[in-house]
Amino acid sequence: MPSKPFNLALLAFPIDAVVASSALYFYTGAVTICVCVAAYFVLMRLTRQGECDATCYRAPPSGLSEPNRWTILRKSFRQQLLVMLMYFTTLCLWPPLITEMKSFNCPDLQASGWWPQILLTVFSVVDCVGRLLVPWRCGLTKDSIWKPVFLRMLLIPCIVMTVRQVWFTHDAWSVMFVVLLGLSNGYIGTLTIQFVNESVDSSERAIASSFTGFFLISGLMVGSAVGLVYIHFTHA
């Protein structure tokens, strides 16, 4: 579960050092994502040696050419951008802003540092539930999936206002926003990735998936950077 590293970070710090433990968790995730992006580019430059010689190479059937990577990217580019936007929204809110949400009705949970941990656990649980609901698409297709992806971005101002204690000053709002964020991350996020494969031919899906990995990691990295900037200016 994604909240377990945060639990360990919280336990490793004193009870009054929730901000420090949350920052450690967030910085670790940001560094991990940067390393993954760097590893992706390194792997793309590697040459495969000793895997296959001329005797095991199979030329494509006559009259057919191998799929062109850039043609496949053009065909799936719209869906790839939705994947990037989807995970950008998630990472700019979770975990940096989620851990900054205060409890308005349970001061003991806020004082003990358990409130942000509860919110992160709620996110993890509903995210898992959302992934289990993917077989039921509720009428969503590759041509309409952009609507919930863009609607989901409304959670950004809602959660920011909750953190700033504007309008949404009840714990029920905080829990509802976290549930919507986690559930949509598991459900809509998985569907956007599936629709990438449905936007190309079956023979092109392997190449399309490699681009999906790049756009997904890019969304995570940019979202993490936005969250990092927010944390920096909030605690400056």
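Me: How many salt bridges does the structure hold?

Reply: The coordinates are those of a predicted model, and every value discussed here is computed from them. A salt bridge is read from the distance between a side-chain nitrogen of Lys or Arg and a carboxyl oxygen of Asp or Glu, with a cut-off of 4 Å. By that criterion the structure holds 5 salt bridges.

Me: Which residues are linked in a network of salt bridges?

Reply: One should look for a residue that takes part in several pairs. Here, Lys 75, Asp 201 and Glu 204 are linked in such a network. The side chain of Lys 75 meets that of Asp 201 at 3.6 Å, N to O, and a salt bridge of 2.8 Å, N to O, joins Glu 204 and Lys 75.

Me: Where do Lys 75 and Asp 201 lie along the chain?

Reply: For any such pair, the position of each partner in the sequence should be read together with the distance. Lys 75 belongs to helix 3, while Asp 201 is in the loop between helix 8 and helix 9, so that the pair links distant parts of the chain, 126 residues apart. The second pair follows a similar course: Glu 204 lies in the loop between helix 8 and helix 9 and Lys 75 in helix 3, so parts that are 129 residues apart in sequence are tied together.

Me: Is Glu 204 buried or exposed?

Reply: Relative accessibility answers this, and the threshold for buried is under 20%. Glu 204 has a value of 10% and therefore counts as buried. Its partner Lys 75 is partly exposed, with a relative accessible area of 37%, and Asp 201 is likewise partly exposed, at 43%.

Me: How far apart are the closest N and O atoms of Asp 143 and Lys 142?

Reply: This is a salt bridge as well, with the closest N and O atoms 3.7 Å apart. Lys 142 is partly exposed, its relative accessible area being 29%.

Me: Which residues touch the most other members of the largest nonpolar core?

Reply: A core may be read by first finding its most connected members and then asking which elements supply it. The largest nonpolar core has 47 residues, and Ile 98, Ile 145, Ile 159 and Leu 181 touch the most other members. The elements that give two or more residues to this core are helix 2 (18-45), helix 3 (69-93), helix 5 (114-132), helix 7 (155-163), helix 8 (171-198) and helix 9 (205-234). Helix 3 provides the largest share, 11 residues.

Me: What does Ile 145 touch, not counting residues up to four places away in sequence?

Reply: With those sequence neighbours left out, Ile 145 touches Gln 79, Leu 82, Leu 140, Ile 188, Leu 191, Thr 192 and Phe 195.

Me: Which peptide bond is cis, with omega near 5°?

Reply: Omega describes the peptide bond, and the case here is the bond from Trp 94 to Pro 95. Pro 95 is found in the loop between helix 3 and helix 4 (107-112).

Me: What is the phi value of Gln 165?

Reply: Phi should be read with the residue type in mind. For Gln 165 it is near 60°, a positive value in a residue other than glycine. Trp 167 also has a positive phi, near 70°. Gln 165 is in the loop between helix 7 and helix 8, as is Trp 167. Gln 165 counts as partly exposed at 46% relative accessibility, whereas Trp 167, at 70%, counts as exposed.

Me: Where does UniProt place the feature "transmembrane region"?

Reply: A record annotation is best set beside the geometry of the same residues. The unreviewed UniProt entry places the feature at residues 24-43, 81-98, 118-137, 173-196 and 208-233. Over residues 118-137 the chain is 75% helix and 0% strand, with the end C-alpha atoms 29 Å apart. Over residues 173-196 it is 100% helix and 0% strand, and the end C-alpha atoms are 33 Å apart.

Me: How many helices and strands does the protein chain have?

Reply: The chain has 9 helices and 0 strands. Of its 236 residues, 41% count as buried. Among contacts between residues at least 6 apart in sequence, 83% join residues at least 24 apart. The chain exposes about 13,200 Å², of which carbon and sulfur atoms supply 69%.

Definitions and conventions: Residues are numbered from 1 along each chain as its sequence is written. This is a predicted model: local features need pLDDT of at least 70, side-chain atom pairs count only at pLDDT 80 or more; totals for chains, interfaces and linings use all residues. Side-chain values use heavy atoms; hydrogens and water are left out. A nonpolar core is a set of buried Ala, Val, Leu, Ile, Met, Phe, Trp, Tyr and Cys residues joined through side-chain atoms within 4.5 Å. Buried means under 20% relative accessible area, exposed over 50%, partly exposed in between (1.4 Å probe, protein chains only). Helices (H or I, at least four residues) and strands (E, at least two) are DSSP runs, numbered from the N terminus. Contact means heavy atoms within 4.5 Å. UniProt positions are given in the numbering used here, feature names are shortened, and annotations may be inferred rather than shown by experiment. Accessible areas come from the Shrake-Rupley method with a 1.4 Å probe; for residues, only the protein chains shown count as cover.
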